[in-house]
Amino acid sequence: MSEFRGVDFFELDDLLSDEERAIRDAVREFVDRELIDNLTIEKHHRAGTFPKHLVPLLGELDCLGVTLPEKYGGGGMNNVTYGLINQELERGDSGLRSFVSVQSSLCMYPIFTFGSEEQKQRYLPGMAKGEIIGCFGLSEPDHGSDPGGMETRAVKDGEGWVINGTKRWITNGSIADIAIVWAQTPDGIRGFIVPTDSPGFSAPLIPGKFSLRASVTSELIMEDVKLGPEALLPETMGLKSPLMCLSSARYGIVWGVIGSMMAVFDEALRYTQQRPQFGKPLAGFQMVQEKLVWMHTEMTKAQLVALRMGRMKDEGKLKHYHVSFGKRNNCWAAREIAKLGRELLGANGVCDEYQVMRHLMNLESVYTYEGTHDIHTLAIGQHLTGHSAFRG
Amino acid sequence: MRVFVCVKPVPDTAARIKVGGDGKTIDPSGVKFILGPYDARSVAKAIECKGDGELVVVSAGAGKGENDANKRLKDALALGADRGIYIPDDAPENRDPLAVAKALAAAISNEGGHDLILCGRQAMDDQALSVGPMLATLLDVPCVTDAVGLEVADGKAVVQRAAEGRVETIEVTLPAVITGQRDLADEKYPKLKDILKAKKKPVATFEFAWPAPAYEVVSLSPPPEPVAGKIVGEGPDAVPELLKLLQDEAKALAL
């Protein structure tokens with residue numbers, strides 16, 4: 001059993017149901033057992049590999065597609081529970097949480113939301129078990145924050161389609177069985193389920209990452225990939241469809257980074273309480289306390305934001321600008337907290353014997369992906385002022 | 001076949017225990033309670049044993065707070081038990097093992113039939129190792145303690161139990177009480193959907209008239225501080241002295 005107890009300054013546990021708490025604790029224990037205690041994450045982070053052996057275990061635990069109906073293998077759970085699961089996974093590593101975000105929010109969610117009954121039956125139960133791995137292809141080498149400018153094209157080919165284009169920064173790309181690919185068509189942007197063993201499809205790894213080292217990040221290259229008519233997600237229509245997926249995934253990130261904050265804070269607090277300098281523990285110095293209090297304050301505020309967002313999402317009231325608020329605030333706080341945590345651990349903070357630097361490096365990606373901090377600033381700015389500061 | 005498993009909330013094995021203000025009980029505030037690890041393995045084994053029958057989990061204890069017994073019944077239900085029986089106890093801290101055994105025996109007898117009753121060998125917190133054998137006596141059934149293996153067939157149980165330096169295989173007629181060792185079953189972890197399903201499984205309340213306490217914990221103190229270490233020398237020359245001390249003083253080696 002872990003000594004890790006989480007942080008709950010305002011007794012938010014009282015606002016969770018018994019089941020929400022029990023599910024969180026079960027995932028917390030899973031992460032301790034399978035990722036942290038046996039040094040799995042350190043080994044994979046150092047080697048730059050994804051702990052793929054955990055995928056079927058995540059399926060068995062019911063961590064994949066948790067908000068989808070049980071009819072399709074989902075968990076039938078609420079969004080607060082999904083958030084808590086993300087939180088616990090990211091306490092282990094942002095890479096593991098990223099896998100689950102992509103599988104659940106970016107692949108299972110669009111198949112469930114935009115897919116035909118046949119597509120749902122064919123893919124979702126296997127994806128919930130972790131037998132079919134998905135990836136999500138929206139970003140391109142030249143189109144990140146501006147996905148509407150995408151160059152990937154799908155053209156009609158008899159009954160089916162032919163896709164050409166390149167996607168980049170694709171989590172799970174090289175290990176995926178299917179890719180949800182977004183492409184320009186004569187009817188605007190549509191989504192396709194592309195089997196990754198299709199001729200003309202390749203997914204090389206992007207080498208040399210300093211961040212999310214325990215996660216697979218790839219390019220998707222599609223050269224005259226021929227697809228049958230059954231590949232099209234029939235209900236997709238325009239850029240709004242992939243943005244709905246991103247909104248769902250971003251909501252998970254709002255919670256996920258709280259796990260990262262908790263891991264960093266827990267480590268920094270223990271370390272400064274235990275390490276003496278000048279004859280007393282570091283935690284007894286004013287400048288150390290100021291950092292710890294700042295970290296704790298921002299983390300606690302982030303928790304309040306996430307829980308309120310979760311309840312609003314369950315009530316169908318959560319808007320995209322709320323999600324932008326949460327993603328922007330919580331990822332920023334997590335990144336700042338990780339920097340301070342690294343400082344508090346001194347020289348030890350740069351070694352992978354401790355977690356702080358791994359979280360800090362991971363958060364550079366989390367701060368950037370799924371809408372950068374700045375793009376979310378402008379999304380909220382547009383909501384407040386009625387003026388778009390990013391569209392030309 | 002109707003199988004009962006008796007379970008108890010205990011502090012997380014990683015929790016740091018503090019003595020409460022009364023000097024007689026532990027302070028449960030801020031302590032995470034879990035399903036007793038031996039109990040959890042007994043539940044896992046009972047799922048194998050019950051066949052087409054029923055698995056009932058029973059717990060006596062507090063009805064609220066960190067050590068709420070109902071929450072641990074839910075844990076057992078999430079692991080696969082079919083229903084629960086909760087015996088309210090507003091003073092579980094000072095309850096002696098015989099009183100607990102009497103309460104469990106009354107609750108189980110009230111069900112009108114039992115084929116097999118499993119208990120963890122001990123509660124991880126007070127480690128009395130008493131309730132299982134006492135329960136067997138009260139129910140007037142045989143008892144096998146410290147089981148590391150168990151198979152049930154034809155009204156009998158074949159039990160492996162870990163004795164000193166050997167494993168005994170015992171055949172016992174059912175009904176019987178069997179207390180489980182760590183190796184009785186692999187630790188099982190709940191699936192998240194089963195945690196949700198546990199919410200819908202029935203838990204009945206069995207009221208028990210607790211007898212006046214037969215004994216009382218008069219004081220509780222933390223274990224003694226570990227004695228400071230000793231450096232016996234450096235390099236290979238120190239090994240003979242180290243071995244001698246480990247053998248004679250620390251009794252950590254039997255050479």
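Here is a friendly talk between a colleague and a modeller about a predicted model.

Colleague: What makes B:Lys199 and A:Glu19 a salt bridge?

Modeller: Their side chains come to 3.9 Å, N to O. The cut-off is 4 Å between a Lys or Arg side-chain nitrogen and an Asp or Glu carboxyl oxygen, so the pair counts. The count between chain B and chain A is one salt bridge.

Colleague: Which part of chain B gives the most to the side that touches chain A?

Modeller: Helix H5(B), residues 192-200, with seven residues. By class, that side of chain B has eight nonpolar, two polar and 10 charged residues.

Colleague: How many residues does each chain bring to the contact, and how much area is buried?

Modeller: Chain B brings 20 residues and chain A brings 24 residues. The two chains bury about 1,800 Å² between them, 59% of it on carbon and sulfur atoms. In chain B, B:Tyr189, B:Leu192 and B:Lys193 lose the most area to chain A, together 35% of what that side buries.

Colleague: Why is A:Lys317 called partly exposed?

Modeller: Its relative accessible area is 40%. Buried means under 20% and exposed means over 50%, so a value in between is partly exposed. A:Glu315, at 48%, is partly exposed too. These two residues form a salt bridge with their closest N and O atoms 3.0 Å apart.

Colleague: How do you know that B:Glu54 and B:Arg2 link distant parts of the chain?

Modeller: B:Glu54 sits in strand E4(B) and B:Arg2 in strand E1(B), 52 residues apart. Their closest N and O atoms are 3.1 Å apart, and the limit is 4 Å, so this is a salt bridge. B:Glu54 has a relative accessible area of 23%, and B:Arg2 also has 23%. Both values lie between 20% and 50%, therefore both residues are partly exposed.

Colleague: What makes strands E7(B) and E10(B) a pair?

Modeller: They are joined over three bridges, in the parallel sense. Pairing needs at least two bridges, so they qualify. One of the bridge partners is B:Ile178 in E10(B), which goes with B:Val144.

Colleague: How many bridges join E7(B) to E8(B), and in which sense do they run?

Modeller: Six bridges join them, and the strands run antiparallel. B:Ala153 stands opposite B:Lys156 in E8(B). In the hairpin of these strands there are two residues between them, and B:Asp154 takes a positive phi near 50°.

Technical notes: Residues are numbered from 1 along each chain as its sequence is written. Chains are lettered from A and ligands numbered from 1 in the order in which they are written. This is a predicted model: local features need pLDDT of at least 70, side-chain atom pairs count only at pLDDT 80 or more; totals for chains, interfaces and linings use all residues. Side-chain values use heavy atoms; hydrogens and water are left out. Helices (H or I, at least four residues) and strands (E, at least two) are DSSP runs, numbered from the N terminus. Contact means heavy atoms within 4.5 Å. Buried area is the accessible area (1.4 Å probe) that two parts lose on being put together, summed over both. Ala, Val, Leu, Ile, Met, Phe, Trp, Tyr, Cys and Pro count as nonpolar, Asp, Glu, Lys and Arg as charged, and the others, Gly among them, as polar. Buried means under 20% relative accessible area, exposed over 50%, partly exposed in between (1.4 Å probe, protein chains only).
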